[in-house]
Amino acid sequence: AMRWASLVHVAASVAEMLISGMELVLSVCATRLVRGREITWVRWVGVLVVTLGIILVGVFDTNNVAGGETNDESTVNKQIIGILLILGQSVMSVIQDLTEEVFMQETAFPPPLLVGMEGAYGIVIALILYFPIAPLLGENPSDVASSLSEGNVIGLAIGWTLLVTVTGIFNIAATAVTSSMTRNVWKNMRTLLVWIMGLILFYATGSSELGEGWYIPGSFFILLSYGVMCVGIFIYYG
């Protein structure tokens, strides 16, 4: 929930950079502290470089927003809220990934069963939290319930559920044969796909609600920061 909420305040590409970078750094630290794995000093250098890249992405993006280069309606305060939501999401995601790793590698848990259990618990917890919190955010649960009767909403809901289920099974299976730390390292490559798709959608439709444009010089600063993160990943695996 924190991940999707952050997209209200932060561009999808920037959110992916921050999420993938934070999850990498946090997963390495958690793997060392919880699983007791030895991390070489070269890999720690890579983690430090990735951390520098995360800081640069956050600083440059916030400054660009303050200057009105990416979205005139956004404010620095909203940007900070988005970054804090991303931090919270990253912490919870690393805990989940580490738990999945323990289940998969120590008990040979079937990936589909684990995905189903996560989904069931997620629905129960979400329903418990949704009804008291939704009115505080200005949302009427009855309006949401009535929208579920619309055909396009039902189709999107079913498609989204299937997509999340399939990707969840693949993610957990990848954790079983590698580790949560390795999986979070390769998540950084997903950022490029998100950014490219955002650019294509923006210039194909002209809508900032469906994609994101390339702004000068702000986007170059973000690209430079992402490059620093990639250098850190190269050092980590080199």
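Helices here are DSSP runs of H or I with at least four residues, numbered from the N terminus. The model is predicted.

**View 1. A nonpolar patch on the surface, with helix 4 as its main contributor.** Ile-80 is found in helix 4. This helix covers residues 76-107 and gives the most to the nonpolar patch, with 6 residues. The patch is formed by Met-2, Ile-80, Leu-84, Leu-87, Val-91, Met-92 and Ile-95. Together these residues have about 600 Å² of accessible area. Ile-80 has a relative accessibility of 40%, so it counts as partly exposed.

**View 2. The salt bridge between Glu-38 and Arg-32.** A search of the whole structure finds 1 salt bridge. Side chains of opposite charge can pair when their charged atoms come close. The closest N and O atoms of Glu-38 and Arg-32 are 3.7 Å apart. A salt bridge requires a side-chain nitrogen within 4 Å of a carboxyl oxygen. Glu-38 counts as exposed, at 65% relative accessibility. Arg-32 counts as partly exposed, at 30%.

**View 3. A cluster of rings: Trp-195, Trp-214 and Phe-220.** A pair of aromatic rings is described by the distance of the centres and the angle of the planes. The count for the structure comes to 4 aromatic pairs. In one of them, the ring centres of Trp-195 and Trp-214 are 5.6 Å apart. Their planes lie at 25 degrees, so the pair is stacked. Trp-195 sits in helix 9 (residues 190-205), and Trp-214 in the loop between helix 9 and helix 10. The pair therefore ties together parts that are 19 residues apart in sequence. Trp-195 is buried, at 6% relative accessibility. Trp-214 is partly exposed, at 26%. Trp-214 also pairs with Phe-220, with ring centres 5.1 Å apart. Here the planes stand at 85 degrees, so this pair is edge-to-face. Phe-220 has a relative accessible area of 43% and is partly exposed. Ring pairs thus link Trp-195, Trp-214 and Phe-220 into a cluster.

**View 4. Helix 10, residues 218-237, and its buried residues.** Helix 10 has 20 residues. At 1.5 Å a residue, these should span 28 Å. The end C-alpha atoms are 29 Å apart, which agrees with the expected span. The buried residues of helix 10 are Gly-218, Ser-219, Ile-222, Ser-225, Tyr-226, Val-228, Met-229, Gly-232, Ile-233 and Tyr-236.

Methods. Residues are numbered from 1 along each chain as its sequence is written. This is a predicted model: local features need pLDDT of at least 70, side-chain atom pairs count only at pLDDT 80 or more; totals for chains, interfaces and linings use all residues. Side-chain values use heavy atoms; hydrogens and water are left out. Patches are made of residues with over 30% relative accessible area and no salt bridge: like charges are joined within 9 Å, nonpolar side chains (Val, Leu, Ile, Met, Phe, Trp, Tyr) within 5 Å. Accessible areas come from the Shrake-Rupley method with a 1.4 Å probe; for residues, only the protein chains shown count as cover. Helices (H or I, at least four residues) and strands (E, at least two) are DSSP runs, numbered from the N terminus. Buried means under 20% relative accessible area, exposed over 50%, partly exposed in between (1.4 Å probe, protein chains only). The expected span of a helix is 1.5 Å times one less than its number of residues. Rings of Phe, Tyr and Trp (its six-membered ring) pair if their centres lie within 6.5 Å; planes under 30 degrees apart count as stacked, over 60 as edge-to-face and the rest as tilted.
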